[in-house]
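Student: Please take me through the cysteine chemistry of this model, with the criteria stated as we proceed.

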Amino acid sequence: MSDVTPGATSRRVLLTTAGAVGAGALLAACGSESPSATPSNAAPGAGASTGATPAGAGGGAVLAKTADIPVGGGVIFKEAGVVVTQPAAGQFKAFNSICTHMQCPVSSVENGKIKCQCHFSEFAIADGAVLSPPAPRPLDEKKITVENGEIRLA
């Protein structure tokens, strides 16, 4: 004999299906934004180009022009999974754009901070250090090259 009542299987299937549909909708909503780069801070960036790695050390696709990255701010490149910052004029840094807390994509770069809206973690634009938990560790640094006014992943 089974302990399952006649309607229990139907409710279980309904709840499982509803959960899967909801999860699929959430994932689709997270990845549906069309811009591949999200600029943060409207201040124009400096045109100087000193790289995080030596010039010519990498040959990846161009992420941005140095002038596109605001001093004291940054730009999130969702498709590349990277956030590029300019903590000081001519100094460019790059970090993984996934928060170290619950692996949400970071959402903005404002006031010298890389921010995650999922649980409000904040990271320093200069070194990716955690400024505001719950993130347990800094953002991983990515290697970039800066040459001729262009920023590329190394």
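**Cysteine pairing**

Tutor: The link of C104 and C118 is left-handed, with -105 degrees about the S-S bond. The model is predicted: local features need pLDDT of at least 70, side-chain atom pairs count only at pLDDT 80 or more, and totals for chains, interfaces and linings use all residues. Residues are numbered from 1 along each chain as its sequence is written, and side-chain values use heavy atoms, with hydrogens and water left out.

Student: Which residue does a disulfide join to C104?

Tutor: A disulfide is a pair of cysteine sulfur atoms within 2.5 Å. A search of the whole structure finds 1 disulfide. Its S to S distance is 2.1 Å, and the partner of C104 is C118.

Student: Is C118 buried or exposed, or in between?

Tutor: Buried means under 20% relative accessible area and exposed over 50%, with partly exposed in between (1.4 Å probe, protein chains only). C104, at 16%, is buried. C118 has a relative accessible area of 35%, so the term for C118 is partly exposed.

Student: Why is there no bond between the sulfur of C99 and the closest cysteine sulfur?

Tutor: C99 is buried at 3% relative accessibility, and C116 is buried at 2%. The cysteine sulfur closest to that of C99 is in C116, and the closest to that of C116 is in C99. The two are not bonded because their sulfurs are too far apart for a bond, at 4.0 Å.
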